[in-house]
Amino acid sequence: MSSVTDSGRLLSLDAIEPGHCGIVREVEAGESEVDLLKSLGVCLGRKVMLVQAGDPLVLKVLGSRLGVSARLAARVRVEPCAGDAFGERRLPRGIG
Amino acid sequence: MAPPAPGGADSELLVALVGNPNAGKTTLFNALTGLRAKTANFPGTTIERRIGHATVGGRHVRVLDLPGLYSLSGRTPEERVARDSLLGRLPGQRRPDLVVLLVDATNLERNLYLASQVLELGIPALVALNMVDLAERSAIDIDSDHLAAELGCPVVPVAARSGRGVPELKRRLELATRQRWRPAPLEAVPAPEECAGCPFKARFDWAESVGMRCTAAGPRSPGARTDRIDRFLTHPQVGVAAFLAVIFVVFALIFWVAEVPMDWIDRGFAGAGAALDLRLPDGHLKSLIVEGIIGGVGGVLVFLPQICILFFFLALLEDTGYLARAAFVMDRLMRRVGLPGKAFVPMLSAHACAVPAIMSTRVIEDRRDRLVTILVLPLFSCSARIPVYAILTALLFPHSPLGAALVFTAAYTLGIAAALGMAAAFKRTILPGEAKPLVLELPSYKLPSLKTALFATWDRARIFVRRAGSIILAVSIVLWALASFPASEPPAEARAMRGRAATLAAAGDGAAAADLVRAAEALSSQHALAASFAGRIGRFIEPALEPLGFDWQIGVGILSSFAAREVIVSTLAVVYGVGESAAEESPGSLFDTLRAATRADGGPVFTTATSASLLIFYVLAMQCLSTQAITRRETGGWRWPLVQLGYMSALAYVAALVTFQVLRATGIG
């Protein structure tokens, strides 16, 4: 479920490195919580930072911190921000 | 009641307070209305609304506190209720005259998202830019005049916690009562159809551009302190350990601090009972007032200090921002039983009392998750079970501290295991579905407001006393009637004892006479209870209780403690002939009597098997009407309290049956 969809340079949000950020490019619909996530700022075009990896993980968006299930974060795909060094692409963390 | 004001009967202004969760809405509401607020549910829902009154410029204003929201899109019941309320679509409530839109200055762009949706409704609005003090400290400089121009409505910078800006906000409210302006349409927000499929993006683009135009560019590093603290408190292992430490301290305080006021309440009711006992003439009225009303209501109100202290600390912890972290770190563990992390704090609270625990499940948004949590909360061993555990422990392991520790640990563990097991079972049967994935704001840490915590405590205490108190009163009277009617004459033996006591008193041996009178009273109460409806019902249900190792006297105890489980202690005292007052004065005499109580065949009643069976029964059985009343209030009907009563009674019965039969088959007791 949490596979990295590699369309261009997009990464699943639960697969980026802690301390790095990305611009949201795709949000997969399907769960009602996705809309809550969007109204909290995790929506197209916004810059999101992964503060703490794991399940649940911690994001920072629009200056506020959010605790989010990894399952939900996997539905969000981001384009790594310019200037952030993304070395080799990491495999997504398994759930649980 | 609104005082008559010029301009007609309906001139009282209705102001709705709208804002994001964690934006300080409750604090501002309290600052505007003080203690003059009423908490009730929105009609036909279990969503709480508070209505308060404020006087602004000599004019009465009704302030309606809407639930905390991130958007008005109608995704959740809260969002729908808030939207309908703002549009005047709810029965019995007109459209608000004015919206006070609370915007968190430390998180402007996110808050502007909701603001844009509210402003589009076309209701005159006033923006309270809250937490400007915290924003200043983080070097965020917001030009409120510019923001007012962008939003097309007045913007008042406030710090609700310290009260700064609140007089100005009230002045603006007063102005609003005179001149009702229409807000200018927000031209900058593109209509959704211009951007099909991504209304969120359009709004946030707008919010970001407004935020950038109104905020002075500076070194923006807000929340560095929160980040540092969170490195520990949201850590998967350290965070759990820290949480357990916090909760341990809170519970130690609850049990330690509550002891004193609980003692006062207990003494107060006992004193009132004794005083009335002396003044009222003997008879049913006296018995009703002293035993039924004062005894029944006092037995429930004695838990009020624990409930208040628990709510006080929960409110403080929530206000600091810590409770969100607790839910965060517990989320992964709770998910294994199909519940969200937010269910954990109510579960801990349930160890003090299920009533505040059930009230605090409002933090769980998903209805199924919330219902499952409410259903299993009464299985956790609350403090009312302690007296019951204490007496059964003394029967199982007399004079053995180690044995007592073992019994208490086993009882608490059984409660926890049963609750988690039942939660998993409900999630697979009547309320199926995985726990909703976590989406939780982790607000910046801040010093808690004592005032907000005290208001919250006062509010919850009032609900408990009023709601649970009224039903408890009714049931106390019913139970009293069952135990008192039909009235019977004292047995011949008791009359003879009174006769001998009179002789002894005449001979000057007052102490011996008093002892005899007490013994005669105990015998009469025992006899009366046996002949009463309660005694008859006890005998009637005895065949059903026999496989559990219970006799009809224990049956009467279970019946009488239906409303409040700890009542079984005093009932057993009466039914086995110790006398209620003797049991309170020296618990030792109660244990001795219970141990000496025999069955018809001459064997002891309280064998190891019977005591263990009764203990397990009380770990698992509902036996608490306050809990049932609160469950009804929080779920909006009698269906769920009845499910709760039914499954818990069945669980308790089967578990006690298995315990007794297995112990007896293995030759223990």
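**Exercise 1. Which helix lies across β5 (64-68) of chain A together with β10 of chain B?**

Solution. Conventions come first. This is a predicted model, in which local features need pLDDT of at least 70, side-chain atom pairs count only at pLDDT 80 or more, and totals for chains, interfaces and linings use all residues. Residues are numbered from 1 along each chain as its sequence is written, while chains are lettered from A and ligands numbered from 1 in the order in which they are written.

Step 1. Fix the elements: helices (H or I, at least four residues) and strands (E, at least two) are DSSP runs, numbered from the N terminus.

Step 2. Name the helix: it is α13 (residues 322-335) of chain B.

Step 3. Take the angle. α13 of chain B runs at about 140° to β10(B). Axes are lines fitted to C-alpha atoms, for helices over the stretch in contact, and angles run from 0 to 180 degrees between N-to-C directions.

**Exercise 2. Trace the sheet that includes strands of chain A.**

Solution. Step 1. Apply the pairing rule: two strands pair if DSSP finds at least two bridges between them.

Step 2. Write the order. Seven strands give β1(A)-β6(A)-β2(A)-β3(A)-β4(A)-β5(A)-β10(B), an open sheet with antiparallel pairing.

Step 3. Find the edges. β1 (11-12) of chain A and β10 (439-442) of chain B each have a single partner strand, so one side of each lacks a neighbour in the sheet.

Step 4. Check one pair. β2 (residues 21-27) of chain A and β3 (residues 47-52) of chain A are antiparallel, joined by three bridges. A:K47 in β3(A) stands opposite A:I23.

**Exercise 3. Trace the mixed sheet of chain B.**

Solution. Step 1. The order is β2-β3-β4-β1-β5-β6-β8, seven strands in an open sheet.

Step 2. The edges are β2 (37-41) and β8 (155-157) of chain B; each has a single partner strand, so one side of each is left without a neighbour in the sheet.

Step 3. Compare pairs. Five bridges link β2(B) and β3(B) in the antiparallel sense, with B:A40 partnered by B:R49. β3(B) and β4(B) are also antiparallel, over seven bridges. Two residues separate these strands in a hairpin, and B:G57 in the turn has a positive phi of about 55°. By contrast, β6 (residues 125-130) of chain B runs parallel to β8(B), with three bridges. One of the facing pairs is B:L129 with B:P157 in β8(B).

Step 4. Add a helix. α3 (residues 108-119) of chain B lies across β1, β5 and β6 of chain B, at about 165° to β5(B).

**Exercise 4. Describe how α22 and α23 of chain B pack.**

Solution. Step 1. Two numbers describe packed helices: the angle between their axes and the distance between the axes.

Step 2. For α22 (residues 533-545) and α23 (residues 552-560) of chain B, the angle is about 110° and the axes are 8 Å apart. This makes α22(B) roughly perpendicular to α23(B). The class covers 65 to 115 degrees; under 35 is roughly parallel, over 145 roughly antiparallel, the rest oblique.

Step 3. List contacts (C-beta atoms, placed from the backbone, within 7 Å). Residues including B:G535, B:I541 and B:L545 in α22(B) meet residues including B:W552, B:V556 and B:L559 in α23(B).

Technical notes
Two residues are in contact if their C-beta atoms, placed from the backbone, lie within 7 Å.
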